Amino acid sequence: REAQELSEAKEKARSLFRHEQDEDNDDDDDEFDYLLEDDDPELEELREKRIHEMKEISRKHAENIAKGHGEYRTISQDEFLTECTSSEFVAVHFFHREFERCHIMDHHLQQIAPLH
């Protein structure tokens, strides 16, 4: 809700600013300079909240990359439990080397692994 209000306020300011520019290209823009100032405490609070969220997402992403997310690899039976319990999300493919369908699945998993 707050993000929507922020985006609506910014869009309104932009449209007012564009409208004024279209009508007059004189120095009358000073009239709308207050819309571009960032002194509003509510906007600042929303901005800080979003920055915090983005930093948290970035931290989690880096943490997941360090854990091996985005890689397609074969692990041994001894590594299975530690690999699967160290992450919130894990995709596991139990395969047999002689089955053609397993080779097809391997091919597709190798393609999509870097996306996750």
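In helix α3, the side chains of arginine 50 and glutamate 53 meet in a salt bridge, with a distance of 3.3 Å from N to O, where a salt bridge is taken as a side-chain nitrogen of Lys or Arg within 4 Å of a carboxyl oxygen of Asp or Glu. The two residues both lie in helix α3 and stand three residues apart, about one turn of the helix; helices are DSSP runs of H or I with at least four residues, strands are runs of E with at least two, and both are numbered from the N terminus. The model is a predicted one, in which local features need pLDDT of at least 70 and side-chain atom pairs count only at pLDDT 80 or more, whereas totals for chains, interfaces and linings use all residues. Residues are numbered from 1 along each chain as its sequence is written, and side-chain values use heavy atoms, with hydrogens and water left out.

Arginine 50 counts as partly exposed at 43% relative accessibility, and glutamate 53 counts as partly exposed at 33%; buried means under 20% relative accessible area, exposed means over 50%, and partly exposed lies in between, as found with a 1.4 Å probe and protein chains only. Further along α3, arginine 59 forms a salt bridge with glutamate 56, the closest N and O atoms being 2.4 Å apart, and these two residues are separated by about one helical turn because they are three residues apart in the helix. Arginine 59 is partly exposed, with a relative accessible area of 40%, and glutamate 56 is also partly exposed, at 29%. Arginine 59 has a salt bridge with glutamate 63 as well, for which the closest N and O atoms are 2.8 Å apart; being four residues apart in helix α3, this pair is likewise separated by about one helical turn. Glu56, Arg59 and Glu63 are thus joined into one network by salt bridges that share partners. Glutamate 63 itself counts as partly exposed, at 37% relative accessibility. A search of the whole structure finds six salt bridges.

The secondary structure of the protein comes to five helices and zero strands, and the pattern read along the sequence is α-α-α-α-α. Of the 116 residues of the protein, 10% count as buried. One residue that counts as buried is aspartate 106, at 15% relative accessibility, which is found in helix α5. The C-alpha atoms of aspartate 106 and tyrosine 72 are separated by 8.6 Å, although the two residues are 34 residues apart along the chain. Threonine 74, by contrast, is exposed, with a relative accessible area of 58%, and lies in the loop between α3 (41–67) and α4. Its C-alpha atom is separated by 9.8 Å from that of phenylalanine 94, 20 residues away along the chain.

Phenylalanine 94 also belongs to a nonpolar surface patch of about 560 Å², which is made by Ile75, Phe80, Leu81, Val90, Val92 and Phe94. Patches are made of residues with over 30% relative accessible area and no salt bridge, like charges being joined within 9 Å and nonpolar side chains (Val, Leu, Ile, Met, Phe, Trp, Tyr) within 5 Å; the accessible areas come from the Shrake-Rupley method with a 1.4 Å probe, and for residues only the protein chains shown count as cover. Among the patch residues, valine 92 is found in the loop between α4 (80–85) and α5 (100–112) and is partly exposed, with a relative accessible area of 42%.

Valine 92 also takes part in the lining of the largest pocket, which has 28 residues, of which Glu71, Arg73, Val90, Ala91 and Val92 lie nearest the pocket centre. On a 1 Å grid over the protein atoms alone, a pocket is an open set of points where a 1.4 Å probe fits, with protein on both sides within 12 Å along at least five of seven lines, and lining residues have an atom within 4 Å of a point. About 810 Å³ of space lies in the largest pocket, a volume being the space filled by probe spheres set on grid points that are joined across faces, edges and corners. Helices α4 and α5 each supply at least two residues of the lining.
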